2 protein chains.
Amino acid sequence: MPTRLTNYFLRTLREDPSDAEVTSHKLLVRAGYIRRQAPGIFAWLPLGLRVKARIEQIIREEMTAAGAHEVHFPALLPREPYEATGRWEEYGDGIFRLKDRKDADYLLAPTHEEVFTLLVKDLYSSYKDLPLSIYQIQDKYRDEARPRAGLLRGREFTMKDAYSFDYTDEGLDTSYMAQRDAYERIFTRLGLDYVIVQADAGAMGGSRSEEFLHPTPVGEDTFVRSAGGYAANVEAFTTLAPPTRGYEKLTPQEVLDTPDTPTIQTLVDVANEKHPRPDGRPWTAADTLKNVVLALTHLDGTRELVVVGLPGDREVDLKRAEVAFAPAEVDAATEDDFRKHPGLVKGYIGPWSAEGPVLGEEAATGIRYVVDPRVVDGSGWITGANVEGKHVFGLVAGRDFGWDGTVEVAEVKPGDPAPDGSGPVELARGMEIGHVFQLGRKYAEALGLKVLAENGKLVTVTMGSYGIGVTRILAIIAEENNDEKGLVWPAAVSPFDVHVVAAGREAVAFEVAEQAAAALEAAGLEVLLDDRPKVSPGVKFGDAELIGIPRVLVAGRGAAEGEVELWDRRNGERSTLPLAEAIAALTA
Amino acid sequence: MPTRLTNYFLRTLREDPSDAEVTSHKLLVRAGYIRRQAPGIFAWLPLGLRVKARIEQIIREEMTAAGAHEVHFPALLPREPYEATGRWEEYGDGIFRLKDRKDADYLLAPTHEEVFTLLVKDLYSSYKDLPLSIYQIQDKYRDEARPRAGLLRGREFTMKDAYSFDYTDEGLDTSYMAQRDAYERIFTRLGLDYVIVQADAGAMGGSRSEEFLHPTPVGEDTFVRSAGGYAANVEAFTTLAPPTRGYEKLTPQEVLDTPDTPTIQTLVDVANEKHPRPDGRPWTAADTLKNVVLALTHLDGTRELVVVGLPGDREVDLKRAEVAFAPAEVDAATEDDFRKHPGLVKGYIGPWSAEGPVLGEEAATGIRYVVDPRVVDGSGWITGANVEGKHVFGLVAGRDFGWDGTVEVAEVKPGDPAPDGSGPVELARGMEIGHVFQLGRKYAEALGLKVLAENGKLVTVTMGSYGIGVTRILAIIAEENNDEKGLVWPAAVSPFDVHVVAAGREAVAFEVAEQAAAALEAAGLEVLLDDRPKVSPGVKFGDAELIGIPRVLVAGRGAAEGEVELWDRRNGERSTLPLAEAIAALTA
């Protein structure tokens, strides 16, 4: 039986919702798919629930094909497992916490690594039980600071999260690739463009990690890619270090007065004027070494200053810095920090000074000095002299100063070489639609998941974690498939296969529409039938266009002659043809 | 493709879980269907999820047939709607409350009347939009004080909750019956016995209310039923009051010394000795009027004493009292209460005394006197004289004392007459599996849901609420369908249609099992194939019996001759027959 609009729970709206900032949010509300309940929390109306179910069905089929079995965990979980892995604290304000009537701590789970690990520990004990891949499609919770953008970043959202369990690294690689391949099939079936980028392991711990990004100018993630095939999240991009050089031919460093050089550019100008490069090429910002003071806040609440040396033509990218110093939080140092450390001469900080190894002394009092990968042995720099009004020229790394480590905190720029040698990279924006991740043994170790191996010894299990944001994907598909009239769903996820419209007041139009709907349903298609008796054709057409089922059959003026109109919402084509031919075309 | 046990996520257990009190809980854990995460909170393993999905599918089909459309609301909801209807407070400790990062109040919804009402208010405005029935299948939360009995009473549980919206009382009746009929079809398809009993409206407000109870000795609800077709929850049972009588022929009341009558029986003995009934029939406890002091705690926290007069052969049923005095909480009065009210002479409380109208005076200070429906005008009683050591005989209701109201708080006893005249009732125990409920206009009024009627005037919408406990039903089915070897699922909800076992070490057994599984899957059945290579037939048979798929096909000794064994778990029959005949029998 077709679904009839006469008693369907649907109300299309003419106005965009006032709180909607993105197209998908506006259209999904206006066309009657979702309805806001609280910031970042939505109810699903019948049309929306159908699209969601179709996406979930595609995911289920591909999970089954990948050998994963479906389970379902509660959203409400006790604190203890998350305490054992440290995430109860790490999540900070980002999760919903609550207490039960006995004052026990619970959370609304943002992700389920811990309890999947414990479940397998609970039931399995032998290598013979492995490999195992299990998944769920489940509602998750994150207490986002600014839940905007509708379903793109909600506080309640649906995810497919899968977890693999192996006892060898090779097994993990195989399980990982099975999920990765399934993701490629899923996104292909959903008609969603994607780029697989190397990702940072981030707060999840672990080793190999890739994100599926949907490239879109409104994406919140930046990624880099080269023509040669390299792709990575900016957070995961690694700098191709220049070769080291010997010191033999290098001139000694020289300290010069450089008053009035508040910026890198003024310093470069002074350098070109007072201390030109011997070969005549002008100095550029890339020849200067900028020393930036960052303040790290560690998990235990302690605050640490760290000085980062990086080429003067680059800023610190705070997102990359957060990854480099994870799990600490990273901020710029404050005036107060500088007051407490008079050795840090603002505007003139350097790794070494004519008056003495200032940073060396500071290091002894707890300030680390770390550098960008471009600072290699033998590289020479114009940098601060740790004295007001003075810079040093020709300061050579390794000869004149050392460092406590190398960090990836400098911004990535278009044209930077890809680390795999595949050429210069470009920057693009994307939205994360999936994430595959080798967790390794982090969770299994924290929670004691071991199995007996062939040799009779206990081995710690190695795990993978694989996530797809179901509701986010739905929003992205809506974001990518619309026009000025409304949504235009890809057939694979459309709430119905065909939208049949009885247009006009003639009884015959309704009769033909009924015939068409019955024939299409008999052929196995799902039909939405607009049989509203007193609604004008114009309103019905407008609703059909807003709702966005890609194939529309209109029984109207030609109905008496047995003719109907077929619309293709995706390419805009309309054709008039006999009913039987229309049915044949739709069921072909 | 069949699902293979070689890599399925399943581990059957030999021992009952230590925390399990009921059979369904023990078997569902042992057979690998569910796994406890916290008190009253469970994870669903693959087998359990399949049974749950089958139950949900049956419910969906019948909801669709009843004209209801599926939606889905969040579990996490803001406080405001529940505040508007008073339920935020009413739920007391029974719900999970939490705050977000901005300190706003939220709850994990135990039921969704408020937000369904608001959604319809949000989108609909005309009588033309009605009737409307919408439902969801969704995870709900209640912070039960003692989550026991596995899935029978969990803290996280799945429900189907439907809501109907009409603008006339007749419309509500029609919507109500459509859901009620659907429930009958659902329980019939699930093979679940049920009794439809009149139910009390309880905390939900509203008018017509019926519960679907599954009769079972371990049920937590008591209900009454007569041979003539009456059935009601004990809380909803109403007493058939005796006829009133004139006072003309009744003798005056008389106060007598009755020391040493601490109990009703001693009082009856004294009465028969000192004040025999004129017609010679002995007095019984039913001739005495017991006056019980109850303490009510109202929603605003105030405490009120109330005296209830009821026949001496009956106790107060606190569950019925909770309903009679809802939403107040009801307790027995304490010693302290008696100390504060010296007029209440413990053991000798009566509605009237020879020394004066004691209760009348107390009533002026705030104590209400209410009576059982059997206390009617002209009925005579032996009761306390409000003086230590004295009782009054032949005290006539209406002549000698009055009351402030009639309440249904006395226990119901087998043999009590059904209020509809259909004969004496018996008491039985059952478990609630569904509830259909005419909410009326309570929620629509509280939340302002009105529509424009034909006459152009705004009318308040009238609503119904209809719930089925999905996970509870699953547990009850397990509770009712098992034997000493394990579960025995009804075919309609079995996780798979056929369990195929390759028994023994002969390759041919595995080949025949594979053939059988392939043929059955090709015929549209879902098959669980036990293809574990190194597991003994005994272990495989034990697992098959524990898991409880009703039809088992074993490829074992006769496999080389093309013969297999068919087991019917429900009736225990086993037969050996050629593979083709077995397939034919299973797909018939």
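Which residue takes a positive phi in the hairpin of S12(B) and S13(B)? In this predicted model, the residue concerned is Gly229(B), whose phi lies near 105°, and the hairpin to which Gly229(B) belongs has four residues between the strands. The two strands of the hairpin, S12(B) and S13(B), the latter spanning residues 231-233, are paired in the antiparallel sense over three bridges. Within this pairing, Phe223(B) has Asn233(B) of S13(B) as its bridge partner.

Strand S12 of chain B, which covers residues 221-226, also pairs with strand S21 of chain B (residues 425-440), to which S12(B) is joined by six bridges in an antiparallel arrangement. In this second pairing, Asp221(B) is placed opposite Gly430(B) of S21(B). Five of the six residues of S12(B) are buried, and the strand is therefore largely enclosed by the rest of the structure.

Elsewhere in chain B, six strands form an open sheet with mixed pairing, in the order S1-S28-S27-S29-S30-S31. The edges of this sheet are occupied by strand S1 (3-4) and strand S31 (574-578) of chain B, and because each has a single partner strand, one side of each is left without a neighbour in the sheet. Among the pairings of chain B is that of strand S27 (residues 498-502) with strand S28 (residues 527-530), which run parallel and are joined by four bridges. Here Val501(B) is found opposite Asp530(B) of S28(B).

For chain A, the secondary structure consists of 15 helices and 31 strands. Along the principal axes, the C-alpha atoms of chain A fill a box of roughly 100 × 65 × 45 Å, and 56% of the 588 residues of this chain count as buried.

Several backbone features are located in loops. In chain A, Ala326(A) and Pro327(A) are joined by a cis peptide bond with omega about 5°, and Pro327(A) is situated in the loop that lies between helix H8 (318-324) and strand S17 (329-332) of that chain. In chain B, a cis peptide bond with omega about 5° joins Ala326(B) and Pro327(B), where Pro327(B) is part of the loop between helix H8 (318-324) and strand S17 (329-332) of chain B.

Positive phi values are also found in residues other than glycine. One of these is Asn386(A), with phi near 60°, which is located in the loop between strand S19 (380-384) and strand S20 (390-396) of chain A. Asn386(A) has a relative accessibility of 6% and therefore counts as buried. Another is Asp103(B), for which phi is near 70°; this residue is placed in the loop between strand S6 (96-99) and strand S7 (105-108) of chain B. With a relative accessible area of 52%, Asp103(B) is exposed, whereas Asn386(A) is buried.

At the surface, residues of both chains contribute to a positive patch, which is formed by Arg101(A) and Lys102(A) together with Arg146(B) and Arg148(B). Of these residues, Arg146(B) is located in the loop between strand S8 (132-141) and strand S9 (156-166) of chain B. The relative accessible area of Arg146(B) is 57%, so this residue is classed as exposed.

Methods
Residues are numbered from 1 along each chain as its sequence is written. Chains are lettered from A and ligands numbered from 1 in the order in which they are written. This is a predicted model: local features need pLDDT of at least 70, side-chain atom pairs count only at pLDDT 80 or more; totals for chains, interfaces and linings use all residues. Side-chain values use heavy atoms; hydrogens and water are left out. Patches are made of residues with over 30% relative accessible area and no salt bridge: like charges are joined within 9 Å, nonpolar side chains (Val, Leu, Ile, Met, Phe, Trp, Tyr) within 5 Å. Accessible areas come from the Shrake-Rupley method with a 1.4 Å probe; for residues, only the protein chains shown count as cover. A salt bridge is a side-chain nitrogen of Lys or Arg within 4 Å of a carboxyl oxygen of Asp or Glu. Lys and Arg count as positive and Asp and Glu as negative; His and the chain ends are not counted. The place of a charge is taken as NZ of Lys, CZ of Arg, CG of Asp or CD of Glu. Buried means under 20% relative accessible area, exposed over 50%, partly exposed in between (1.4 Å probe, protein chains only). Two strands pair if DSSP finds at least two bridges between them.
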